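Notebook open, model loaded. I want to go through the fold, the strand pairing and the charged pairs, in that order.

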Amino acid sequence: MINMVALMGRLTYEPELRTTQSGISVISFQVACDRSYQSQGQERQADFIDCVAWRQTAEFISRYFHKGSMIAVEGSIQTRNYTDKNGNNRKAVEVIANNVSFCGSKAESGTGAAPTQEFSQPAPSYSSADTSDFEEIVDDDDDLPF
């Protein structure tokens, strides 16, 4: 069975990092995603999708994303039942974020030199002295049968 979600949109409010009683980081946030169609004579509609991230992903979001930030989310849909304060049974539908990444410009994210990988691990940088690790690509299509 497949349960995969890919979203790209803007955060609708400032995400707040919390910690469970057992010390695990968790963050809830909401992503506004524009619909791909627009009825004639009406404004473009958006869907507001609730998301939750845990552990390092939660800490990453808390550190680098703020209200209005563009974010790309990969995860899965999860449902849960609960009883609200009035005693009514409710169902929550959330995206559990497994991976998140930047998808706006550096200026838009407000972080300056933003990391390019999840969990704030800096991407490897290569200087011209490091290029010996790379093999030159030769365009040699003469041996192809088509």
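Burial cut-offs before anything else: I call a residue buried under 20% relative accessible area, exposed over 50%, and partly exposed in between, using a 1.4 Å probe and protein chains only.

Ground rules. I'm working on a predicted model, where local features need pLDDT of at least 70, side-chain atom pairs count only at pLDDT 80 or more, and totals for chains, interfaces and linings use all residues. Residues are numbered from 1 along each chain as its sequence is written, and side-chain values use heavy atoms, with hydrogens and water left out.

**Entry 1, overall fold.** I looked up the secondary structure and got two helices and six strands. These are DSSP runs, numbered from the N terminus: H or I over at least four residues for helices, E over at least two for strands. Along the sequence I read β-β-β-β-α-β-β-α. The protein has 146 residues, and 27% of them count as buried. For contacts (heavy atoms within 4.5 Å), I took the ones between residues at least 6 apart in sequence, and 54% of those join residues at least 24 apart. The exposed area is about 10,800 Å², with carbon and sulfur atoms supplying 47% of it; that is Shrake-Rupley with a 1.4 Å probe, and for residues only the protein chains shown count as cover.

**Entry 2, strand pairing.** I count two strands as paired if DSSP finds at least two bridges between them. Which way do β5 and β6 run? Antiparallel: 13 bridges join β5 (residues 70-83) to β6. The two form a hairpin with five residues between them, and glycine 87 in the turn has a positive phi of about 85°. β6 (residues 89-102) also pairs with β4 (residues 46-54), this time in the parallel sense, over three bridges. I picked valine 95 in β6 as my marker: isoleucine 77 stands opposite valine 95, and cysteine 51 stands opposite valine 95 too.

**Entry 3, an odd phi.** Arginine 55 caught my eye, with a positive phi of about 55° although it is not a glycine. I found arginine 55 in helix α1, which covers residues 55-64. At 45% relative accessibility, arginine 55 is partly exposed.

**Entry 4, salt bridges.** My criterion is a side-chain nitrogen of Lys or Arg within 4 Å of a carboxyl oxygen of Asp or Glu. How many salt bridges does the structure hold? I got three.

- Arginine 35 pairs with aspartate 47, with the closest N and O atoms 2.8 Å apart. Arginine 35 sits in the loop between β3 (25-34) and β4 while aspartate 47 is in strand β4, so this pair ties together parts 12 residues apart in sequence. Both ends are partly exposed: arginine 35 has a relative accessible area of 28%, and aspartate 47 has 30%.
- Glutamate 94 meets arginine 80 at 3.0 Å, N to O. Glutamate 94 is in strand β6 and arginine 80 in strand β5, so the link spans parts 14 residues apart in sequence. I get 14% relative accessibility for glutamate 94, which counts as buried, whereas arginine 80 is partly exposed at 39%.
- Aspartate 84 meets arginine 90 at 3.1 Å, N to O. Aspartate 84 is buried, with a relative accessible area of 18%, and arginine 90 is partly exposed at 41%.

A note to self on such pairs: side chains of opposite charge can pair when their charged atoms come close.
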